[in-house]
Amino acid sequence: MPEDVSEALTGAAEAPLLALDDLPPGGFAEGEAEVDGSAESIIVHRDGAGAVRAWLNVCPHAGRRLDWAPGRFLVSKEGLLVCAVHGASFETVGGVCEAGPCRGESLRAVAVDVRDGAVWLA
């Protein structure tokens with residue numbers, strides 16, 4: 001089960017992670033939030049039905065960012081989020097690695113809410 005880091009997030013009420021209009025259905029975007037006193041990159045995903053989920057932008061395999069350039073993510077033809085460094089492929093409901101060097105491990109979930117046209121930390 002993914003570790004939820006929401007309790008470690010600070011400044012949640014200050015500003016949204018991003019505007020919902022910046023996250024098309026099926027898309028990925030990056031936001032930033034403070035976690036344990038450090039600025040962290042957050043991956044935000046909106047599925048085709050409109051549900052929004054988020055994870056820390058850290059691959060469990062080697063602790064590297066998943067994006068190939070800041071805020072730019074690789075997606076397989078099956079719709080899996082792919083780590084640009086080692087090719088680990090993550091499903092987008094629970095963030096579980098389905099293929100690659102960290103198979104069975106999960107991204108660290110970040111709880112988010114959608115309100116007032118934006119994605120906020122929960």
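Asp67 pairs with Arg65 in a salt bridge, with 2.7 Å between the closest N and O atoms. That comes from a predicted model, so treat every distance here as computed. Asp67 counts as buried, at 8% relative accessibility, while its partner Arg65 is partly exposed at 35%. The pair doesn't stand alone, either: Glu30 joins Arg65 and Asp67 in a network of salt bridges.

How many salt bridges does the structure hold? The count is 4. Three of the pairs, with their N to O distances, look like this:

| Acid | Base | N to O distance |
|---|---|---|
| Asp67 | Arg65 | 2.7 Å |
| Asp47 | Arg53 | 3.1 Å |
| Asp113 | Arg115 | 3.9 Å |

Now for Asp47 and Arg53, whose side chains meet at 3.1 Å, N to O. Asp47 is buried, with a relative accessible area of 18%. That label holds because buried means under 20%. Arg53 has a relative accessible area of 23%, which makes it partly exposed.

And the Asp113 pair: are its two residues buried or partly exposed? Asp113 is partly exposed at 35%, and Arg115 is partly exposed too, at 36%. Their closest N and O atoms are 3.9 Å apart, and the pair still counts as a salt bridge because the cut-off is within 4 Å.

As for why such pairs turn up, side chains of opposite charge can pair when their charged atoms come close.

Terms used:
Residues numbered from 1 in each chain as written. Predicted model: local features only at pLDDT ≥ 70, side-chain atom pairs only at ≥ 80, totals over all residues. Heavy atoms only, no water. Buried < 20%, exposed > 50% of the residue type's maximum accessible area, 1.4 Å probe, protein only.
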